[in-house]
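This report concerns one protein chain with a bound ligand. The sequence and the structure come first.

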Amino acid sequence: SIPLGYFGGIGAASRKGILFKGSNYLDLVTRLTTVVFDKTGTLTKGVFSVSKVENLEAADTDWMRLAAALEVKSNHPIARALVDYLGEDTYPVSELKEHAGLGLEGRVQGKMVLVGNKAFMERMHISGLSQLPAAQKTTIACAVDGLLCGFFALEDQVKNDAAEAFHELRQLGIADLIILSGDKPEVADRLGQTLSAKEAIGGLLPEEKLTYLEKLKRKPESVIAFVGDGINDAPALAASDVGIAMGGMGSDLAIDTADVVIQTDQPSRVPLAIRIGRTTRQIVW
Ligand code: ADP
Ligand code: MG
């Protein structure tokens, strides 16, 4: 039978918007050695705004509207920002393909259109990528019929309590705080510096996030939490010892896959969950 103290702990957590899907996780969080965070939507608000647009020489004069045609089909936070900026009034699309962690591909007005990050453009053998800025901003490029046409620079905001979350986790003795992101490496780096993360790695595809987690798991005695908002990270949530999902705007799949759901979307709920676990353990044992 489950000791009464666990129900107290689970109840206390749920009043703070932290849903534990079992008393074993209340116990596991007290033994965490490592917390791995997704970036977009987890540590940042996931509400991008477009700060710059640039036309490149080869530009198809209609490239922005072609790009919008693909982005209206996507639910990614970047897609929402671009559609806000470009408008929804655009063309029909066929042969649409969403490449997780990279971008979108489709046929619009008889042209093959790509919208996505530099890694995506590389994979699709687009040339002239040195024209894309290396600045610490999310950069989304567009190519039409194989020619690079232009790019957008977008900015997201760090959540108000992200720094507090990192600070408290360190105070709880968890030194291995890691950020993994599909966004460009410079953007991940900058956030890593802001939060004094042990490591911040960008440019990762969903399966590469998984490979990284599996590598961490091989360290003896490591107990790993992955914290994500669910967009493209259900596999990482499933592979970690404790999968923690932001439940507010997270996907249903993430909420189903996670062991712990944070309904308030606040990263500072992670150290709070650990403190509640530790208090509960003192009562139970
Ligand atoms: P994160 O790991 O930061 O949460 P994702 O794995 O969801 O990010 O996405 C990684 C990157 O893939 C984005 O930063 C963007 O460059 C690109 N990307 C994903 N979806 C789209 C889209 N709909 N349009 C353009 N780029 C996209
Ligand atoms: Mg994400």
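The text below goes through domains, ligand shell, two helices, nonpolar cores and backbone angles.

The model is predicted: local features need pLDDT of at least 70, side-chain atom pairs count only at pLDDT 80 or more, and totals for chains, interfaces and linings use all residues. Residues are numbered from 1 along each chain as its sequence is written, while chains are lettered from A and ligands numbered from 1 in the order in which they are written.

**Domains**

The protein chain is divided into domain 1 (4–44 + 158–284) and domain 2 (49–155), with bounds taken from an automatic or database domain assignment. Their C-alpha centres lie 31 Å apart. Across the boundary, 13 residues of domain 1 are in contact with 13 residues of domain 2; contact requires C-beta atoms, placed from the backbone, within 7 Å. On the domain 1 side, helix H7 gives the most, with three residues. By class, that side has four nonpolar, five polar and four charged residues. Here Ala, Val, Leu, Ile, Met, Phe, Trp, Tyr, Cys and Pro count as nonpolar, Asp, Glu, Lys and Arg as charged, and the others, Gly among them, as polar.

**Ligand shell**

Both domains give residues to the shell around ligand 1, so the ligand lies between them. A residue is near the ligand if its C-beta atom, placed from the backbone, lies within 6 Å of it. The shell has 22 residues, of which Thr 40, His 76, Asn 117, Gly 182 and Asp 183 come nearest. Its classes are seven nonpolar, 11 polar and four charged residues. Helix H4 (77–86) and strands S5 (103–108), S6 (111–116) and S7 each supply at least two residues. Helices (H or I, at least four residues) and strands (E, at least two) are DSSP runs numbered from the N terminus.

**Helices H4 and H7**

A residue is called buried if 20 or more other C-beta atoms, placed from the backbone, lie within 10 Å of its own, exposed if 12 or fewer, and partly exposed in between. In H4, Pro 77, Ile 78, Ala 79, Ala 81 and Leu 82 are buried. Their cover includes strand S3 (49–55), helix H3 (63–71), S7 and strand S8 (147–155).

In H7 (residues 185–195), the buried residues are Val 187, Ala 188, Leu 191 and Gly 192. They lie on the same side of H7, because they cover an arc of only 135° around the axis, taken from the directions from the helix axis to the C-beta atoms. Strands S7 (138–144), S9 (176–180) and S10 (199–201) are among what covers them.

**Nonpolar cores**

A nonpolar core is a set of buried Ala, Val, Leu, Ile, Met, Phe, Trp, Tyr and Cys residues joined through C-beta atoms within 7 Å. The largest has 48 residues, and Val 35, Ala 225, Phe 226, Ile 244 and Val 260 have the most contacts inside it. Apart from this core lies another, of 32 residues, including Phe 48, Val 115, Cys 142 and Val 144.

**Positive phi**

Most residues other than glycine have a negative phi. The table lists three residues with a positive value.

| Residue | Phi | Place |
|---|---|---|
| Gly 87 | about 95° | just after H4 |
| Gln 109 | near 50° | loop between S5 and S6 |
| Ser 196 | about 50° | loop between H7 and S10 |

Gln 109 is partly exposed, with 15 other C-beta atoms within 10 Å. Ser 196 is exposed, with 12.

How values were computed. Two residues are in contact if their C-beta atoms, placed from the backbone, lie within 7 Å.
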